[in-house]
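Hello, and thanks for passing this one along. Please have the coordinates open while you read my comments.

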Amino acid sequence: MLRNLLALRQIAQRTVSTTSRRHFENKVPEKQKLFQEDNGIPVHLKGGASDALLYRLTMALTLGGTAYAIYQLALASFPKKQN
């Protein structure tokens, strides 16, 4: 029983380690430079082409949804005639 507990303790110590195995480059300073630069571009478009694409897709969905909602409201406001 004691042997199993010691083995479990050793495994637990190995898996929870404070040392990092992978070293990632810190990209925060370059992102800060990009987003804090005063170049007249709105902050939601400073990420590049993917941000512009997502912005345009969001605007198209918003306009399409608004048009569809207005259409449905107009359709519901005029009752169908009974034959």
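My numbered points follow.

1. A word on provenance before anything else: this is a predicted model. The mean pLDDT of the protein chain is 86, and 90% of the residues reach at least 70. Confidence is lowest in helix H1 (residues 2-15), where the mean is 74, and highest in H3, where the mean is 96. Do keep that contrast between H1 and H3 in mind as you go through the rest.

2. The secondary structure is quickly told. The protein chain contains three helices and zero strands, so read from the N terminus the order is α-α-α, every element being a DSSP run. H2 covers residues 28-36 and H3 covers residues 49-77.

3. Now the overall dimensions. The protein chain has a radius of gyration of 29 Å, whereas a compact globule of 83 residues would have one near 12 Å. Along the principal axes, the C-alpha trace spans about 85 × 50 × 15 Å.

4. Burial and surface come next. Just 1% of the 83 residues count as buried. The protein chain exposes about 8500 Å², and 62% of that area is supplied by carbon and sulfur atoms.

5. If you are thinking about electrostatics, the side chains divide into 12 positive and 5 negative. The centres of these two sets lie 19 Å apart.

6. Residues 53-71 carry the annotation "transmembrane region" in an unreviewed UniProt entry. What does the model show over residues 53-71? The chain there is 100% helix and 0% strand, with 27 Å between the end C-alpha atoms. Please treat the label itself as coming from the record.

7. Lys27 sits in the loop between H1 and H2. Why does Lys27 count as partly exposed? Its relative accessibility is 48%, and partly exposed lies between the 20% limit for buried and the 50% limit for exposed, so Lys27 falls in that class. Lys27 and Leu2 are 25 residues apart in sequence, and their C-alpha atoms are 47 Å apart in space.

8. Gly47 belongs to the loop between helix H2 and helix H3. With 40% relative accessibility, Gly47 also counts as partly exposed, because that value falls between the same two limits. From Gly47 to Lys31 the separation is 16 residues in sequence and 9.2 Å in space, C-alpha to C-alpha.

Note on methods. Residues numbered from 1 in each chain as written. Predicted model: local features only at pLDDT ≥ 70, side-chain atom pairs only at ≥ 80, totals over all residues. Heavy atoms only, no water. Helix = DSSP H or I, 4+ residues; strand = E, 2+ residues; numbered from the N terminus. Rg over C-alpha atoms; globule rule 2.2 N^0.38 Å. Buried < 20%, exposed > 50% of the residue type's maximum accessible area, 1.4 Å probe, protein only. Areas by Shrake-Rupley, 256 points an atom, 1.4 Å probe, with all protein chains shown as cover. Lys, Arg positive; Asp, Glu negative; His and termini not counted. Charge placed at Lys NZ, Arg CZ, Asp CG, Glu CD. UniProt positions renumbered as here; feature names shortened; annotations may be inferred. pLDDT = per-residue confidence, 0-100.
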